[in-house]
Amino acid sequence: VPASARITAAASAAVICASFGLFMSPVIAVVALIAFLAALFAASVLGLGAGAWLPVAVPAIAGLGALLSGQLARFFVEDRRRRRMETAFGCYLAPQIVSQLSEEGSDLKLGGEVREITVMFADLSNFTAISDTMPPTELMELTNSYFKVIVGVIDEMGGYVDKFIGDSVMAMWGAPAS
């Protein structure tokens with residue numbers, strides 16, 4: 001085939017395989033690349049039967065290079081988004097919540113969003129009366145035991161502790177991560 005057809009084949013392979021790299025997961029992109037190269041080889045064999053020879057090495061190398069470049073670009077964009085999320089929330093939320101937010105893939109938006117969430121306020125009954133009758137060390141042990149139990153249950157149920165207010169615990173489900 002003429003040089004212009006070889007250049008067009010290489011450029012087309014690069015564009016197609018770059019889109020594989022940008023928009024597909026690595027495993028699916030490699031499978032798509034193999035299928036694309038098989039189709040390119042089959043077209044070359046058919047062309048050879050018709051008297052036109054298209055060397056497939058250059059389009060194959062261009063496709064592979066473009067696929068790798070697309071995957072690399074995708075990785076850097078994802079990594080940048082993840083770091084931005086960790087920077088924005090890392091000081092305020094538990095690490096597992098920040099990780100969940102970055103896994104969801106939603107971008108940060110100023111102003112928030114409207115959504116239904118669950119908020120729980122829990123405290124020790126008669127804490128004020130109990131605190132008047134107990135020595136400080138025993139009161140601290142009681143409070144810490146209570147916090148250990150309730151925080152464990154909140155974590156187990158997929159919520160997170162927003163804050164401690166004296167003997168009270170404020171926990172949330174559905175925000176900031178869905």
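**Helix α6, the three-stranded sheet and the buried residues**

Helix α6 (residues 136-156) lies across the strands β1, β2 and β3 and runs at about 5° to β3, where helices (H or I, at least four residues) and strands (E, at least two) are DSSP runs numbered from the N terminus, and where angles, from 0 to 180 degrees, are taken between the N-to-C directions of axes fitted to C-alpha atoms, for helices over the stretch in contact (heavy atoms within 4.5 Å). The structure is a predicted model, in which local features need pLDDT of at least 70 and side-chain atom pairs count only at pLDDT 80 or more, whereas totals for chains, interfaces and linings use all residues. Residues are numbered from 1 along each chain as its sequence is written, and side-chain values use heavy atoms, with hydrogens and water left out.

The three strands form an open sheet with the order β1-β3-β2 and antiparallel pairing (two strands pair if DSSP finds at least two bridges between them). The edges of this sheet are β1 (118-122) and β2 (160-165), each of which pairs on one side only, and neighbouring strands are turned against each other by 20° on average, direction ignored. Between β2 and β3 (residues 168-173), which run antiparallel, there are five bridges; K163 has M170 of β3 as its bridge partner.

The largest nonpolar core (buried Ala, Val, Leu, Ile, Met, Phe, Trp, Tyr and Cys residues joined through side-chain atoms within 4.5 Å) consists of ten residues, namely A122, L124, F127, L139, Y146, F147, I150, I154, V169 and A171. Both α6 and β3 give two or more residues to this core, and the greatest contribution, of five residues, is that of α6. Apart from this core lies another, with nine residues that include C17, A29, A32 and A66. In soluble globular proteins, nonpolar side chains tend to be buried together.

Within α6, two members of the largest core, Y146 and F147, are both buried, as Y146 has a relative accessibility of 15% and F147 likewise has a value of 15% (buried means under 20% relative accessible area, exposed over 50% and partly exposed in between, with a 1.4 Å probe and protein chains only). A search of the whole structure yields four aromatic pairs (rings of Phe, Tyr and Trp, the last by its six-membered ring, with centres within 6.5 Å; planes under 30 degrees apart count as stacked, over 60 as edge-to-face and the rest as tilted). The ring centres of Y146 and F147 are 5.6 Å apart and their planes stand at 40°, so this pair is classed as tilted. Ring pairs also bring in F164, giving a cluster of Y146, F147 and F164.

Another residue of α6 is T143, which is buried at a relative accessible area of 8% and whose side chain reaches the backbone oxygen of L139 at 2.8 Å. Residues up to four places away in sequence being left out, T143 touches L124 and F127, while F127, under that exclusion, touches L139, T143 and D167.

Elsewhere, Q71 is placed in helix α3 (residues 57-89) and is buried, since its relative accessible area is 17%. A polar atom of the Q71 side chain lies 2.7 Å from the backbone oxygen of G21. Neighbours within four places in sequence aside, Q71 is in contact with F20, G21, M24, S25, P26 and A29, and of these, A29 is among the residues of the nine-residue core.

Conventions
A polar contact is a pair of N or O atoms within 3.5 Å; within protein, one must be able to donate a hydrogen and the other to accept it, and residues adjacent in sequence count only if both atoms are side-chain atoms.
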